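Trainee: Could you take me through one part of this structure in detail, namely the largest cavity and what lines it? I would like to see how that part sits in the chain as a whole.

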Amino acid sequence: MMQRLPPLSVILASLVLVTMLVLVIFAPMIAPMDPRDVSSYSLIDAEIPPVFVDGGDPRFLLGTDNQGRDLVSVILFGLRISVLIGVGAVLFAAAIGVLLGLIAGFFGGLIDSIVMRIADILVSFPTILVALLISGIAKAQLSADTVLTWAPLILIFAIAVNEWVQYARTVRASSMVEISRDYVRAAKVIGLPSRRIMMRHILPNVMSSVMVIATINLAGAILTEATLSFLGAGMPPTYPSLGTLIRIGNQFLFSGLWWIAVMPAAVLVVLVLSVNVIGDYLRDRFNPKLMAR
């Protein structure tokens with residue numbers, strides 16, 4: 001039986017996401033200027049509107065900000081930082097969650113109780129509050145130069161520390177089902193070590209659920225990073241993400257310079273929407289009840 005093609009919305013979202021990933025990878029080569037290079041700033045070219053607005057300059061398709069930086073370049077580098085932090089947070093959370101979920105589901109007993117109680121405690125706190133707390137502690141305990149250097153890793157840890165719970169719970173439940181199957185019992189009978197059974201036999205059978213959760217959580221991680229940066233607890237202005245760009249542009253939103261905030265906000269919306277559409281499709285695609293229809 002032939003499989004149905006994905007809906008048009010999923011195809012379009014996939015094309016948009018692939019395009020953005022290409023832009024992220026090749027941003028240094030595509031961007032007209034390097035926004036990290038202060039010497040490239042030109043105050044003479046500051047606050048130029050987009051090319052499709054009266055007063056626009058063909059050199060700057062989306063206009064310039066208050067420092068004279070080309071918004072296309074700034075958005076490309078901001079998109080790169082936002083995507084890298086989001087992907088890093090998802091990978092870190094997935095690694096911790098999958099490992100703890102496998103251990104809890106395979107061994108059960110006291111280990112299972114400890115892991116799940118820690119998960120229950122963490123999930124009782126909103127992710128954004130935990131991220132703000134960790135970011136605030138890091139800035140209070142570390143020097144300004146250290147925070148500037150390690151800002152991406154601090155953000156990745158701050159976002160992931162609360163997100164591993166969903167992976168752990170899902171993998172734990174799936175592992176408890178797989179343990180009762182004949183192939184796992186046979187592996188135990190022939191004396192295979194527990195680590196090999198978990199990694200070679202159980203893990204491949206739970207990865208489809210992990211991939212769906214990771215795709216859906218990617219949009220949440222990007223939004224969390226943008227929120228932290230918008231609140232001033234994320235990436236510094238010298239290495240702006242999309243959230244930082246929106247925070248900077250928000251200061252000029254009601255002074256007529258709307259494009260400084262609207263352009264990065266539009267890119268963020270399109271990015272998150274594309275990831276959510278693909279995540280919803282994958283969730284339905286790997287749902288056994290929906291697949292049977």
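**The largest cavity and its lining**

Mentor: Before turning to the cavity, it helps to set the scene: in this predicted model, the secondary structure of the chain consists of 12 helices and zero strands, so named because helices and strands are read as DSSP runs. The C-alpha atoms occupy a box of roughly 75 × 55 × 30 Å along the principal axes, and of the 293 residues in the chain, 43% are buried. When we take contacts between residues at least 6 apart in sequence, 69% of them join residues at least 24 apart.

Within this helical chain, the structure holds three cavities of 30 Å³ or more, and the largest cavity contains about 60 Å³ of space. Its lining is made up of Ser135, Lys139, Val147, Ala151, Ile154, Leu155, Ala233 and Gly234. Two helices, α5 (127-141) and α6 (144-160), each give at least two residues to that lining, and the largest share, four residues, is supplied by α6.

If you now look from the inside to the outside, the chain exposes about 15700 Å², and 68% of this area is supplied by carbon and sulfur atoms. As for charge, the chain carries 20 positive and 17 negative side chains, with the centres of the two sets 18 Å apart. Coming back to your request, the residues to find in the display include Ser135 and Lys139, together with Ala233 and Gly234, which are also part of the lining of the largest cavity.

Note on methods:
Residues are numbered from 1 along each chain as its sequence is written. This is a predicted model: local features need pLDDT of at least 70, side-chain atom pairs count only at pLDDT 80 or more; totals for chains, interfaces and linings use all residues. Side-chain values use heavy atoms; hydrogens and water are left out. Buried means under 20% relative accessible area, exposed over 50%, partly exposed in between (1.4 Å probe, protein chains only). Contact means heavy atoms within 4.5 Å. Accessible areas come from the Shrake-Rupley method with a 1.4 Å probe; for residues, only the protein chains shown count as cover. Lys and Arg count as positive and Asp and Glu as negative; His and the chain ends are not counted. The place of a charge is taken as NZ of Lys, CZ of Arg, CG of Asp or CD of Glu. On a 1 Å grid over the protein atoms alone, a cavity is a set of points where a 1.4 Å probe fits but cannot get out, and a pocket is an open set with protein on both sides within 12 Å along at least five of seven lines; lining residues have an atom within 4 Å of a point. Grid points are joined across faces, edges and corners, and a volume is the space filled by probe spheres set on the points.
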